[in-house]
Amino acid sequence: MDYIEVKNILSKVEHGEEWFGADYNINLYRGCSHGCIYCDSRSRCYQIDHFDTIKRKKNAIEILHKELASKKKKGVISMGSMSDPYNPLEKECQYTKQSLELIHLYGFGVSITTKSDLILRDMDLLKKINQKNDVIVQITITTADDELCKKIEPGVCVSSKRFEVIKTLGQEGIFTGILLSPVLPFITDTEENIKKIVQLAHQNGAKFIYTYMGMTLRDDQRDYYYKKLDELFPHMRSQYEKNYRNYYLCISLNRRRLYYVFQKECEKYGILYKMEDIIKAYRAKIEKKEQMSFF
Ligand code: SF4
């Protein structure tokens, strides 16, 4: 099993108001084997060789323990920015589970982004943290079509399974919603897909959906994506080359119409979609509890 040693694990998040109110960030693994064809973490700037082979950060839990014990300011710790915290190695290593135990012990909150149903294994811990601190879970869903999902996100459970995860977490009182990102131009940027995701989100009790109507593409990430397009969607690459050349941000050509449809659908079902509303809503629960215990 590959591993690396690290000096630090907890980093400060500068603009948490733009990312689910996170105060700190942790990545317990390096690389990810979920194989999403669009993954931004493959970009050269992150310098992760052999990205698809996950490496555990051998001393991550020991370092996290020390760092949490010494932090004066409590806050929400975000997981899942560079690697899925519930990747296949987690079943064996249980680093995410151990870090949740520490987060609970030291009175922090947590914000988790994942595509995996393995998160349900840690339900009891999430519920314990949720009693006194903020918990928010973002399940990433980019397509409502399981067959398409198997092509673009081949190493993790399909979208229908992820909707079930949303339902189960919600039933246990965990504030859960969808990260509808990326939206792949010419592949998932259809009104039909956006509407279906919002409808299924409603049926499964999602509290929010946060989206960005496009994707990023740069250097190694672009090379990998184009290679996969050639395999999975012949002739699609030329559409990208023609419309986006070497752009970093590749926003859907239908973005205005799609965002309008998205907003209308979310409003119809009472699903939150603005970042400030999402943050306010999941934090309100703890504030309410504090007020009640005060009185
Ligand atoms: S789950 Fe996230 S980190 Fe892993 S391959 Fe997919 S996009 Fe990349």
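In the predicted model, the shell of residues around the ligand divides into three nonpolar, four polar and two charged members. The residues that make up these surroundings are Cys32, His34, Gly35, Cys36, Cys39 and Ser41, together with Ser83, Asp84 and Lys115. Among them, Cys32, Cys36 and Cys39 count as nonpolar, whereas Asp84 and Lys115 count as charged.

With regard to secondary structure, the protein contains 11 helices and 12 strands. Seven strands form an open sheet with mixed pairing, in which the order is S2-S3-S6-S7-S8-S9-S10. The edges of this sheet are strand S2 (11-12) and strand S10 (209-211), each of which pairs on one side only. Within the sheet order, S7 is followed by S8, and these two strands, comprising residues 109-114 and residues 135-140 respectively, pair in the parallel sense over five bridges. Ile112 has Val137, in S8, as its bridge partner. In general, the strands of a sheet pair through backbone hydrogen bonds, in either a parallel or an antiparallel arrangement.

As to overall dimensions, the C-alpha atoms of the protein fill a box of roughly 60 × 45 × 30 Å along the principal axes. The radius of gyration is 19 Å, which agrees with the value near 19 Å that a compact globule would have with 295 residues. Of these 295 residues, 44% count as buried, and, for contacts in the protein with a separation of 6 or more, 80% are accounted for by residues 24 or more positions apart.

Terms used
Residues numbered from 1 in each chain as written. Predicted model: local features only at pLDDT ≥ 70, side-chain atom pairs only at ≥ 80, totals over all residues. Near = placed C-beta within 6 Å. Pairing = 2+ DSSP bridges. Helix = DSSP H or I, 4+ residues; strand = E, 2+ residues; numbered from the N terminus. Rg over C-alpha atoms; globule rule 2.2 N^0.38 Å. Buried ≥ 20, exposed ≤ 12 C-beta atoms within 10 Å, placed from the backbone. Contact = placed C-beta atoms within 7 Å.
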